[in-house]
Amino acid sequence: MVTEKGTISINTENIFPIIKKFLYSDNEIFLRELVSNAVDATQKLKKLSSLGQFDGELGDLKIKVSVDKENKTITISDKGLGMTADEIKKYINQIAFSGAKEFLEKYKDESDKTQIIGQFGLGFYSAYMVAKEVEIITKSYQDAPAARWICDGSTAFEISESDRTERGTDIILHIAEDSEEFLEESKLEQILEKYGKFLPVEIEFNEKVINNPNPVWVKPPSELTDEDYLAFYKELYPYGEDPLFWIHLNVDYPFNLTGVLYFPKIKKDFQLNREKIQLYSRQVFITDDVKDVVPEFLQLLHGVIDSPDIPLNVSRSYLQADGNVKRINSHITKKVADKLHELFNNDRKAFEDKWESIGLFVKYGVISDEKFYDRAKDFILLKNVDDQYFTIEEYKTKLEANQKDKDGNLVGLYASDKAKQDAYISGAKKREFDVIIFDDVLDSHFINTIESKIEKFSFKRVDADTFEKLIDKGLKSESVLSEDEKKKVEETFKELVGTNIVQIEALPTDELPVSIVMPEFMRRWQDMSKVNGQAGMFGSMPVTYNLVVNGNHPLIGKIANEENEEVRKSLSKQLHDLALLSQGMLSGNDLTRFIERTVGTL
Ligand code: ADP
Ligand code: MG
């Protein structure tokens, strides 16, 4: 057999259904595409007019969307530049030959690029996702007869002259049986509002304009007042609480990015809501799933970002990670950090007042983004139990004077629950130690991050076992117990604690007779497992603790001198249970018995 070479031919008959079915994930976007085309046609006409290439009246350029339930049509009408019959053949009949692209090439003027939406040359065909037949009736701004094109979604079309006299284009969709839901006005209005709320040309539906063509993000910041930003926030989130502050993004090099990001009040038990930032491309709504464009911690922000440079796939419904996205990412991160820095420098008091919200956000950023830590390190605040705030540098200076272990390392103390750890906090205060409050969900991760960034610096919870040993400044006094008495006390308590350790200390008489401390690492494991919401590996770790017995407390003296073994045992048992109780470690049967015993003594 003779070798034969050839080219595989693609039968266009087959390609249509593929476009219709698979190109777009969501059939409602037909409206976005057709309205975008109408906007493009209008913007192009304005452009030509400004260049002096069109000297007719622009007139009212409103785009109208209407439904005819009886004839089962949806019509999108614009008064843009229109098309001649030749242009229809060129731009419509040749799929994927985008007129928008050609127009841009012809009028290569960077500043205007952002005004044209189309770029793939396929949007028009999304009409066939809902229409069994599409009609175009159009008259060009140029002196040429109006044209009518009609096509039923096969590759056969018909083109003829029309008697239309008005400049502009009507796209008439003859809705298919399986898509009649789109003939519902409420449905159509909802889709229009979703995608077209901020389109740059007025869109009229049911005799009312559905969009705001000049949203704040397209205006220069110098022209805007706080009220404008707040009003826009309400427009985006009618039920939202007022935001704390905002950042107006405005970049045109090396990529184009505009937008306004709002800083919401974040609740302590915040639910991560990642669908608050809306992504637009040239004022066309694309998605509210911005996870590929905005770093995770920044998704706590609200607002809008608009960039024609975010690479969208043909359906524009999902994004592709590329260099621009990364650059946009780090730009936003930088902007946010700069804004926070500015607030901190300009009005520290106000910054501190907002720290409850800002702090959660900053901590999240610091934990999840190395670069953000570098930008944020000067305004990360630590709050102590007396509501005083310190930057990390300030706090290091404070510890330098008073809280160092014997190796010279700085030791910060923290409380995770001011009320529950009250006894330990006041114990620390007696020693003139400072106690930071770390009581939100991110804090255990945050502490680890801070420790990993700063040399010779660590945190211990205020009830950690190393408390006395690590910090070279205690209030220990002479023990009032003799060595024999100490032994007796130790043995009594040892029977109660099992494998845990009994530690007899000579503390001031007004401190607790018995308290429980825990190794810091164990505490963190417990905290971490709570954050991760799993009892699994960490939760099943046996809890070990030290029982610190204050040998100088009168009650301990009483135990030491008690001859009756029964009395000694029940007294120490009661004290041990009290210590467990104050740590939330007494439960079940032990707790019930403790209550019964206590009631019995009343
Ligand atoms: P794109 O918008 O990406 O260029 P489309 O398939 O949406 O691709 O549209 C193809 C071309 O058809 C457009 O570029 C434009 O030249 C022309 N066109 C579509 N709709 C209109 C309209 N309403 N008025 C004028 N020209 C239009
Ligand atoms: Mg288009």
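**Packing of helix α12 and of a five-stranded sheet**

In the predicted model, helix α12 (residues 392-402) has I392, Y395 and L399 buried (under 20% relative accessible area, with exposed over 50%, for a 1.4 Å probe and protein chains only). Seen down the axis of α12, the buried residues fall within an arc of 60°, so they line one face of the helix; the arc is that of the directions from the helix axis to the C-beta atoms. An α-helix has 3.6 residues a turn, so residues three or four places apart point the same way. T397 and A401 are exposed, on the face of α12 turned away from its buried side. Helices (H or I, at least four residues) and strands (E, at least two) are DSSP runs, numbered from the N terminus.

An open sheet of 5 strands follows the order β9-β10-β13-β11-β12, with mixed pairing (at least two DSSP bridges between two strands). Its edge strands, β9 (245-251) and β12 (284-287), each pair on one side only. From one strand to the next, the twist averages 20°; axes are lines fitted to C-alpha atoms, for helices over the stretch in contact, and angles run from 0 to 180 degrees between N-to-C directions. Helix α7 (residues 226-236) packs on the sheet and touches β9, β10, β11 (277-281) and β13 (302-306), contact meaning heavy atoms within 4.5 Å.

Residues are numbered from 1 along each chain as its sequence is written, and chains are lettered from A and ligands numbered from 1 in the order in which they are written. Local features need pLDDT of at least 70, side-chain atom pairs count only at pLDDT 80 or more, and totals for chains, interfaces and linings use all residues, while side-chain values use heavy atoms, with hydrogens and water left out.
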